[in-house]
Amino acid sequence: MEIQGPIEVPGEANPLTEGILYHVLRSAASSDPNQIQTGTKQLQQWETQRGYYVLLQSVFLDKSLPFEVRYLAIIQLKNGIDKYWRKTAKNAVSKEDKAAIRARLLQSGIEEADQRLALQNALVIAKIVRFEFPNDWPELFFELIQILQTVTSQPDSTHLRLPRALLILLYIIKELVTGRLIKTRTILQTVTPQVFQALGQIYVAKVQAWQTVLRGGAGDSAGAFEDMQHSLLAIKTIRRMVIAGYEFPGREEQVQGFWAMTRSHLGEFFAYTTPEGPQLPPNIRQLIEKHLIQLSKFHLNMAQQHPTDFVLLPNSLDLVHDYWGLIVKLGATWGSESIDTANIGTDGDSDDDAPILERLCLKGLLLVRACVRMVFYPAQSFRYRQPKEKEDRARAIEIIKNDLLRDDLVKDMISTMVTRYFVFRASDLRMWEEEPDEWERTQEGAEDWEFSIRPCAEKLFLDLAKNYKDLIRGPLLEVFYSVATPDNEDILFKDSVYSAIGLAADILVDQLDFDAFVKSTLVAEVQKQKPGFNLIRRRIAIIIAQWISVKIAHETRPIVYQIYQHLLNPSDPLNDHVVRVTAGMKFKNIADDWEFTADGFLPFAPEILKRLMALVQEVELSDTKMALLNTLSVIVERVEYHITPYAPNIINLLPPLWEQSGEEHLMKQAILTIITRLTNAMKSDSQPYHVHFLPIIQSALEPGSETQVYLLEDALDLWGSMIAQTPSPPATPPPELLSLKQYLLPLFTMDNDTLRKSLEITESYLLLAPAEILADDFRPTLLSTLAQLVQDGPLKPEVNGVVSHLIQTIIRAANGFGGENAVKIVVGDLVSTGFLGKILEGIHGAWEHHQSHGPSRELPSRAVDGVVETDYFTVLARIGLASPNVLLEALAGVTGNLNGTLEWLLDEWFSHIENIGDPPNKKLMCLVLTRFLELGQDWILGRLQSLMTVWTDVLTELLDGMDDNTTDALYWPPEPRPQPNEPEAPEDIRKRELIYEDSIHSTNLVPFVSQHLRNAIQASGGDERFQEEWLSRVDKDVLKGFMELGIM
């Protein structure tokens, strides 16, 4: 490639050759934005062209080319594998191209001198292996083992080829162990023994070589450094492969021998890192520490993923004791002795990485906790277990319980946690002063406890405390009583003991009188004005929050509110930033407690809310702001309507926070949540504020907007709340609120949760402003969208129920708004949109299914059953109840054959009623079927027996237990109804009125049936004619059962 200088790439006119590809890559890797844009565009156009990825590899393999070009080539190849290597991918890489690429991967990889390029090539190989092995690349591991054996037998090859081969193998194993398919794991298990043997030999040989040098034997430090790099790559691969590559690693002799050696290596390697050990160069020491971390990860992964094997492997309990010894050793210097001696720059106060002892002790704490959880919280599996596996598991649990977790060790662990690891370090106190928000956030982090010693120690303490209650209660309370007095000023130790008492609240609830402790000790300590007592104030805020849901008496709660009110007071010098933030965040637990009452809190509300709002403005970290907003949000929800006097100040706090949040959508979600809760709490008094927040809702509803992705769910909640709290007519709903309804229909095509919420909002609009929803400019489109939704189905039954309920509400609203004519218009839309046709199709499919018999009958694809069929019949019932004639016209319009339709429809309708478990729906069906008698048609009179069966069944159910058998249980007479004492949401009133007006509750079924039957008798020519023509067809037992009701 001799072409010199820059090249303009016009794009589509370029043929794909290695030379042109080089220049395009050079353009894309340049610093000129125009060249980058042009080159990148051309590369994207070539992505699907045959031969492109082979040429990319060729460019990468050409070591005469600049690093930037080669690097971009391998990156493009790696990205292409993700997109196009899978056989089922669109524009997949051809079989021939794959073979050509595979053929050059390994050899080129072990000869690549540049570490950065070698790493990317190893990633490429690993990704290809994930797709190709074993079907298209069966010889892969055989080739790799051969390479390892060859390069280890040729000393001059070890400098480059061995580390490159180890790097490739590491990333292959990394890729394969992430596979969750059983097939992938099975494949890995077939090759693990051979690969493990080869890697184990390399690891042992290299460790022996560099240890010989470090112990003062023959060799040189440069060679030792290289050997250490090789052994590090080997142990990284081995630990992953053993965990994922053996189903029962503890049964393998190779693993047993290697496992025993790792314990020896842990002790030997750690000796090099101690102050008493040899003085080593920093790079050598760093590599030894990396070996130690890999060994500790190996031990921990075995305990977590193969707990039984861990216990049964040789010397595992001794290994746990070794780790515990390190934990005790670190604990001796962990915490500060006192506030006075906790000077900055001591006690682990360092900006560098944590010392190796700390990192090993963290793994040790996790390992001990894994052992505890093996016994008390064993992992559950649905996988079939062989008898030997069950026996081994039971034996392992007994070994841990009896040989490891002895009483003396458990006591020592508890003591070490409380007296050492719960004590603050100087670095904690420094960060408290310098970065209070960030420090408090790290203390609150529940998700990353595995990466920090103190939270990990707390988890271990909690597991032990819960499962060794009787063992630790006495000693823990003894220590507690020794420090739990206002006169005791050993602040750091007192804080650690209080921390333990808070964590162990559940197990001390019957032994510790916490109410007395609050009154006699905490009230005094929270007011002490002595240096260092800000630590105790913070701990008081935490410990009360931990005990509030466990045991704090009702009469003690006002004292609790006073304590938090005091802790939030910024004028007290000991209430520093951390104390106030902690109190503000922990008050959420107080307000969220089951026994919290608004009346008890209201006397303290003005000051606490004022100080919380000021604190929200004071803090800088967005996570802290959100946590404090969450506290405010919970208070708003719990005090309900009583929040109204304070609402203006809370609302004024929010716009600046919204602006400051920028792209932090979590903050915006928190703000929307508190607005929603304020709206719900204030009821109709919130309406003056609605107009200010409607633009936020609109921005989240705009199709395709970025805001919609993050805020739609919260915006829908707020939207629904605002409609619910908007007063009913004669008050006029804000036009801005009504105009938002145009955004509803696109939401119907989204996920089920969004659809359900959107349907609920539509119904809220219908209750608030029926004229707006039933108007000609919205109703047809709404019904058409709903029809499309049902036709595209199948919907989940619960979503289908919401759709059906909305249609029923529309029919009822039309009936109330314009009578039979309005219902006729709505039903006409249901016919024209195909909604009614879809309902009839589903019911007809169910009828056909019920006509067939035998074990091989199947439910037709269009059929419905169960609750969905009930929902469909309720829609028909609502139409028929409003106007039987409109329903018949609609049926004729859909099917073109009314009599034929009624034949199967009524068959299915009558038979389905007995499957309805909901009494209101049963009564609804009974009402509409009874109304059909008004028509005096043979098709209903001929089904008098079915009618009488329904009347008997439904009335028997509704009269059961009633003193008055002339009134059914669902009938609510029109009489004065009790008014609620608390303010109500306007929508609750609207819904209650809708229920009261429903024929299910406004119609007494007993006289309704009686009157309709009498009218039918008269219309047919009197008793004798009716008896002769219709009643004579009714089964005597059915007639007898009906007559026994005594309604005729």
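Where does Asn-1004 lie? In this predicted model, you'll find Asn-1004 in the loop between helix H49 (999-1002) and helix H50 (1005-1019). Is Asn-1004 buried or exposed? Its relative accessibility is 12%, so Asn-1004 counts as buried, the cut-off being under 20%. Look around it and, leaving aside neighbours within four places in sequence, you'll see that Asn-1004 is in contact with Thr-966, Thr-967, Asp-968 and Tyr-971.

Now let's jump to the other end of the numbering. UniProt, in an unreviewed entry, lists residues 39-111 as "domain: Importin N-terminal". Over residues 39-111 the chain is 71% helix and 0% strand. The end C-alpha atoms of that stretch are 29 Å apart.

Next up are two helices to hold side by side. Start with H15, residues 356-376. At 1.5 Å a residue, its 21 residues should span 30 Å, and the end C-alpha atoms are indeed 30 Å apart, so the expected span and the model agree. H15 is also mostly covered, with 18 of its 21 residues buried. Then turn to H40, which covers residues 797-832. A straight helix of 36 residues would span 52 Å, yet the end C-alpha atoms of H40 span only 24 Å. Where does H40 bend? Find Gly-818: there H40 bends by about 135 degrees. Another glycine, Gly-834, follows H40, and its phi is positive, near 90 degrees.

What about the inside of the protein? In soluble globular proteins, nonpolar side chains tend to be buried together. Here the largest nonpolar core has 363 residues. Which of its members touch the most other members? They are Phe-141, Phe-310, Phe-461, Ile-544, Trp-719 and Trp-909. Take Phe-141 and look at what surrounds it. Not counting residues up to four places away in sequence, Phe-141 touches Phe-133, Leu-169, Ile-172, Ile-173, Leu-176, Val-191 and Val-195.

Phe-310 turns up again in another group. Together with Phe-196, Tyr-203, Tyr-246, Phe-258, Trp-259 and Phe-298, Phe-310 forms one aromatic cluster.

That brings us to aromatic rings in general. A pair of aromatic rings is described by the distance of the centres and the angle of the planes. How many aromatic pairs does a search of the whole structure find? The search finds 39. One of them is Phe-514 with Trp-547: the ring centres are 4.5 Å apart and the planes sit at 5 degrees, so this pair is stacked. The pair links distant parts of the chain, with Phe-514 in helix H24 (residues 514-525) and Trp-547 in helix H25 (residues 533-547), 33 residues apart. Phe-514 counts as buried at 1% relative accessibility, and Trp-547 is buried too, at 0%.

Trp-909 and Phe-932 also form an aromatic pair, this time edge-to-face, with 6.2 Å from centre to centre and 80 degrees between the planes. This pair, too, links distant parts of the chain, 23 residues apart. Trp-909 is in helix H44 (residues 898-913), while Phe-932 is in the loop between helix H45 (919-931) and helix H46 (938-941). Trp-909 counts as buried at 1% relative accessibility, and Phe-932 is buried with a relative accessible area of 2%.

Let's finish with a few polar residues. Lys-757 is in helix H37 (residues 752-768). Is Lys-757 buried or exposed? With a relative accessible area of 19%, Lys-757 is buried, because the cut-off is under 20%. Not counting residues up to four places away in sequence, Lys-757 touches Leu-716 and Asp-717.

Glu-706 is found in helix H34 (residues 706-724). Glu-706 counts as partly exposed, at 47% relative accessibility. Beyond its neighbours within four places in sequence, Glu-706 is in contact with Glu-663 and His-665. Asp-470 is another story: its C-alpha atom and that of Glu-706 are separated by 56 Å, with the two positions 236 residues apart along the chain.

Last comes Thr-186, in helix H9 (residues 182-214). Thr-186 is partly exposed, with a relative accessible area of 40%. Thr-186 and Arg-373 are 187 residues apart in sequence, and their C-alpha atoms are 28 Å apart in space.

Notes. Residues are numbered from 1 along each chain as its sequence is written. This is a predicted model: local features need pLDDT of at least 70, side-chain atom pairs count only at pLDDT 80 or more; totals for chains, interfaces and linings use all residues. Side-chain values use heavy atoms; hydrogens and water are left out. Helices (H or I, at least four residues) and strands (E, at least two) are DSSP runs, numbered from the N terminus. The expected span of a helix is 1.5 Å times one less than its number of residues. The bend at a residue is the angle between axes fitted to the seven residues ending there and the seven starting there. UniProt positions are given in the numbering used here, feature names are shortened, and annotations may be inferred rather than shown by experiment. Buried means under 20% relative accessible area, exposed over 50%, partly exposed in between (1.4 Å probe, protein chains only). Contact means heavy atoms within 4.5 Å. A nonpolar core is a set of buried Ala, Val, Leu, Ile, Met, Phe, Trp, Tyr and Cys residues joined through side-chain atoms within 4.5 Å. Rings of Phe, Tyr and Trp (its six-membered ring) pair if their centres lie within 6.5 Å; planes under 30 degrees apart count as stacked, over 60 as edge-to-face and the rest as tilted.
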